[in-house]
Amino acid sequence: MVDHTQASNTISLESYGIKNAKVHYQLTPKQLHDITIAKGQGVEASSGALAVNTGEFTGRSPKDRFIVKDSITEDKVWWGNINIPFESDKFQKLYDKVVAYLSNKEVFVRDSYACADEKYKLNIRVINEQPWMNMFAYNMFLRPTEDELKNFTPEWTIVNAPGFMADPEVDGTRQHNFAILDFTRKIALIGGTGYTGEIKKGIFSALNFILPVFKNTLPMHCSANVGEDGDTAIFFGLSGTGKTTLSADPARKLIGDDEHGWTNENTVFNFEGGCYAKVINLSEENEPDIFNAIKPGAILENVILNDKGEVQFDDTSITQNTRVSYPIYHINNIQVPSIGKNPKNIFFLTADAFGVLPPISRLTPGQAAYHFISGYTAKVAGTEAGIDEPLPSFSACFGAPFMPLHPTKYAEMLSAKMKEAGVNVWLINTGWTGGPYGIGSRIKLKYTRAMISAALKGDLDEVTDETYRTHSVFGLKQPRTCPGVPDEVLSSRATWNDDEGYYKAAYKLSESFRENFKKFEEFANDEILAGAPNVR
Ligand code: ATP
Ligand code: MN
């Protein structure tokens, strides 16, 4: 085990343009925890974890994420409302304002890195205005050893000033908050927002450009774990579909919960050094690994504590997106280092609020490519005003907001790798069963876990007409039986007790898929197009 308790020596930030700052370099999580509380920016929960509020923003702000358009990015980035261009000289001006803002202040600096595989290592220097955000960087990025720190040369720098407010008129931002990536200067500039997710997803977005363009490696928005005989499984899915929840499986070693690379040397490696789990309705019974990771060193965000300091997991009065970050070693069963072999099973997770998609089904290579490019999940009514029925949501590659290249670039790489590795691809609906949102209910976690275990154990490998039926609208192969799951749960249609209503919903969802896919049709071959659902 690395000793992370080294004394804080210090560094100068003059070369960044940050003058006369009081620099706290490489403080321990304990020191940062204590400073946060001393400054009144957080409190200690009964579990010993630090609890903070992220302020105005309790989630990322995709509309305020920019990429500097320059000679590196100009012809490669898929520009549009996901990858919004920002002028290089505007960036320089804004950067100068941010570093002037940080000058004469107390700042927290951490050297860390991303990518658990030596060959892909990206050294990162994180400069934070707030101590708890620097502790977040400790939790989420990989932690260099003392030896590595002696010769540390940062490649990318994150300059994070949540208290700095941009002036859109002058600075060229949309509003006061911004997260801007500059691939020439190798800087992620974040201001006006205290949501820590911007820090981790900033580097993720940078890697989603760097790895495919320069390193021939596929970056993926997925979690990963590995079984006793070394078989890797990966789980793609949009926010809230279950990547973190389902990858924490006591029977398997966790590789990572959110961001991975798949190399040409038949390995999968984690970009990060920690997890960032949702804690809404978290219970020790359903999710013991995550529950027990909430201890000293963890940072809870936007939760409500009672007067004993206990987290009220069902209280969403600040946000539905309550979170906890912790270093990966807070989970008991982990793979060290966070690298696995080629995956044997790939799961696409979707939280279908229409209750249409089967809870587990097997995909052909064409269907796999189709569903990957589609990136379907559903948005359900939450705190957002005006949404009172679920909406289909499509996000290419199950992570469009973080993908600087055209989605088909990633899809082509994934298809080639899946074929070469001969993986099984499964679609898992972690959403509604027994009817749509409002009538049915979310499928029980224990059933989803049982289906995934069965797939991983090979219990569902025999594919015949006796063992599988084909969904008449989506063409997906659904197992008729699965250990640990009642047969009727395996057919979403059967759970409805209303065939007419079910098929109506199924065709409606199919139409949404087809409508969304139109923009990708010109890039897709016949095999992929054949993966589309049927129309009535
Ligand atoms: P993000 O990308 O935002 O980190 P994620 O894919 O990691 O999202 P999770 O944090 O795993 O998503 O969230 C899944 C949520 O859904 C958890 O709160 C979990 O308790 C809940 N849940 C309820 N039923 C299921 C189920 N059957 N399978 C998976 N998750 C479920
Ligand atoms: Mn997650």
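Helices (H or I, at least four residues) and strands (E, at least two) are DSSP runs, numbered from the N terminus. This is a predicted model, in which local features need pLDDT of at least 70 and side-chain atom pairs count only at pLDDT 80 or more, while totals for chains, interfaces and linings use all residues. Residues are numbered from 1 along each chain as its sequence is written, chains are lettered from A and ligands numbered from 1 in the order in which they are written, and side-chain values use heavy atoms, with hydrogens and water left out.

**Exercise 1. Find His221 and describe its surroundings.**

Step 1: Start with the address. His221 sits in the loop between strand E11 (218-220) and strand E12 (222-226).

Step 2: Is His221 buried or exposed? Buried means under 20% relative accessible area, exposed over 50%, and partly exposed in between (1.4 Å probe, protein chains only). His221 has 4% relative accessibility, so it counts as buried.

Step 3: Look for partners. Contact means heavy atoms within 4.5 Å. Leaving aside neighbours within four places in sequence, the contacts of His221 include Lys201, Asp258, Phe398 and Phe402.

Step 4: Check for a polar contact, which is a pair of N or O atoms within 3.5 Å; within protein, one must be able to donate a hydrogen and the other to accept it, and residues adjacent in sequence count only if both atoms are side-chain atoms. The side chains of His221 and Asp258 are joined by such a contact, at 3.2 Å.

**Exercise 2. Work out why three annotated residues belong together.**

Step 1: Read the record. An unreviewed UniProt entry lists Lys201, His221 and Asp258 under "binding site". Those three span 58 residues in sequence, yet no two of their C-alpha atoms are more than 10.3 Å apart, so they gather at one spot. UniProt positions are given in the numbering used here, feature names are shortened, and annotations may be inferred rather than shown by experiment.

Step 2: Place Lys201. Its home is helix H6 (residues 197-214), and with 11% relative accessibility Lys201 counts as buried.

Step 3: List what Lys201 meets. Beyond neighbours within four places in sequence, Lys201 is in contact with Arg60, His221, Asp258, Glu259 and Phe402.

**Exercise 3. Compare Arg60 and Arg323.**

Step 1: Go back to the record. The unreviewed UniProt entry also places "binding site" at Arg60, Tyr195, Lys201 and Arg323.

Step 2: Locate both arginines. Arg60 is in the loop between strand E3 (50-52) and strand E4 (65-68), whereas Arg323 lies in strand E19.

Step 3: Compare their exposure. Arg60 is partly exposed at 30% relative accessibility, while Arg323 is buried, with a relative accessible area of 10%.

Step 4: Look at Tyr195. Not counting residues up to four places away in sequence, Arg60 touches Tyr195, and Arg323 is in contact with Tyr195 as well.

**Exercise 4. Explore Pro296.**

Step 1: Which loop holds Pro296? Pro296 lies between helix H8 (288-293) and strand E18 (299-301).

Step 2: Judge the exposure. Pro296 has a relative accessible area of 55%, so it is exposed.

Step 3: Look across the chain. Pro296 and Ala49 are 247 residues apart along the chain, but their C-alpha atoms are separated by 4.4 Å. Setting aside neighbours within four places in sequence, Pro296 is in contact with Ser47, Gly48, Ala49 and His330.
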